[in-house]
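Colleague: I have a few questions about pockets, rings and strands in this model. Can you take me through them briskly?

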Amino acid sequence: CPTDVYTLRTALPPDLPVRVEGVVTAVRYAPGFPDTPTHVVIQVPVDAPEYRGPDDSGLWVFFGDAVGQCPPGCADVRVGDHLRVHGNANLYVGQHQIHNVRALQRLEEDQPLPPPVRVQAFDVATGGPRAASLEGVTIDLVGARVTDTQPVAGAGDPLPLNEFVVDGALRVNDFFGLLPQPSVGSTYTHLAGVLRLGNGDTKL
């Protein structure tokens, strides 16, 4: 079923076989295996015919948490690749994704990435008005201030938690890599990354 990211996120039933395209904005590797991706994130390119804004334009692609589950071609995926993904639509604990990936096609390399969406922390934090629509989208916070360096772990969160909270609202975690642990009161000129729903909370 050829479709686009917007339709997959808003209108398709779970587990429907789909084919969807997007530009890779992030790659997450299995801990200890730097050549084995477990997830990639794609977004609709701003010059694509179907582009209609950043809301609902991002999508997670899940390859599997175990080494050896990566489908053919996934080890070569890089940020900036324009991918065509064949798999099944899925809603995993509230996160829109494709799983059971059967094939990947790299259509182009080194493509421009959609610009980060400038937001306020409370808009995209857990339960915020744009948290759902910007899940899987690269966002940017300006002047974010660290307000908590020891938030309570969510359901199933692995320890050590390696998270902190900015502006009293949004969690920042280590899903893509560990940031230096800040101190309360530290301020970031820019804090950008992919918005993710995980373990019951929306996180950067």
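Colleague: Which strands each supply at least two residues of the lining of the second largest pocket?

Modeller: Keep in mind that this is a predicted model. The second largest pocket has a volume of about 270 Å³, and its lining counts 16 residues. The strands that each supply at least two of them are strand 1 (17-30) and strand 10.

Colleague: Which strand gives the most to that lining of the second largest pocket, and with how many residues?

Modeller: Among the residues nearest the centre of this pocket are A192 and G193. Strand 10 covers 187-194, so both positions fall inside that strand. The top contributor to the lining is strand 10, with four residues.

Colleague: How does the lining of the second largest pocket divide by class?

Modeller: N173, F176, A192, G193 and L204 lie nearest the centre of the second largest pocket. Glycine counts as polar here, so G193 goes with the polar class. The whole lining has two charged, five polar and nine nonpolar residues.

Colleague: What are the volume of the largest pocket and the residues nearest its centre?

Modeller: The largest pocket is lined by 26 residues. By class, seven are charged, ten polar and nine nonpolar. Strand 5 (95-108) and strand 11 (196-198) each supply at least two of the lining residues. The volume is about 600 Å³, and nearest the centre lie Y92, F175, R196, G198 and N199.

Colleague: Which arginines lie over the face of F175?

Modeller: A charge sits over a ring only if the Arg CZ is within 6 Å of the ring centre, among other conditions. One case is at 4.2 Å from the ring centre of F175. Another is at 3.8 Å. The residues are R28 and R196.

Colleague: How many aromatic pairs are there, and what geometry do W60 and F175 have?

Modeller: The count comes to four aromatic pairs. In the pair of W60 and F175, the centres are 5.9 Å apart and the planes make 75°. Planes over 60 degrees apart count as edge-to-face, so this pair is edge-to-face.

Colleague: How many residues apart in the chain are W60 and F175?

Modeller: W60 sits in strand 3 (residues 58-62). F175 is in the loop between strand 9 (170-172) and strand 10. The pair links distant parts of the chain, 115 residues apart.

Colleague: Why is the pair of W60 and F176 stacked?

Modeller: The ring centres of W60 and F176 lie 5.8 Å apart. Planes under 30 degrees apart count as stacked. This pair is stacked because its planes are at 15°.

Colleague: Buried, partly exposed or exposed: what are W60, F175 and F176?

Modeller: Ring pairs link these residues into a cluster. Buried means under 20% relative accessible area, and exposed means over 50%. W60 has 0%, F175 has 14% and F176 has 37%. Therefore W60 is buried, F175 is buried and F176 is partly exposed.

Colleague: In which sense does strand 7 run against strand 6, strand 10 and strand 8?

Modeller: Two bridges join strand 6 to strand 7, and V117 has I139 as its partner. Seven bridges join strand 7 to strand 10, where D140 partners A192. With strand 8 there are two bridges, and D148 stands opposite V165. The senses are parallel for strand 6, antiparallel for strand 10 and antiparallel for strand 8.

Terms used
Residues are numbered from 1 along each chain as its sequence is written. This is a predicted model: local features need pLDDT of at least 70, side-chain atom pairs count only at pLDDT 80 or more; totals for chains, interfaces and linings use all residues. Side-chain values use heavy atoms; hydrogens and water are left out. Rings of Phe, Tyr and Trp (its six-membered ring) pair if their centres lie within 6.5 Å; planes under 30 degrees apart count as stacked, over 60 as edge-to-face and the rest as tilted. Buried means under 20% relative accessible area, exposed over 50%, partly exposed in between (1.4 Å probe, protein chains only). A charge sits over a ring if NZ of Lys or CZ of Arg is within 6 Å of the ring centre and within 35 degrees of the ring normal. On a 1 Å grid over the protein atoms alone, a cavity is a set of points where a 1.4 Å probe fits but cannot get out, and a pocket is an open set with protein on both sides within 12 Å along at least five of seven lines; lining residues have an atom within 4 Å of a point. Grid points are joined across faces, edges and corners, and a volume is the space filled by probe spheres set on the points. Two strands pair if DSSP finds at least two bridges between them.
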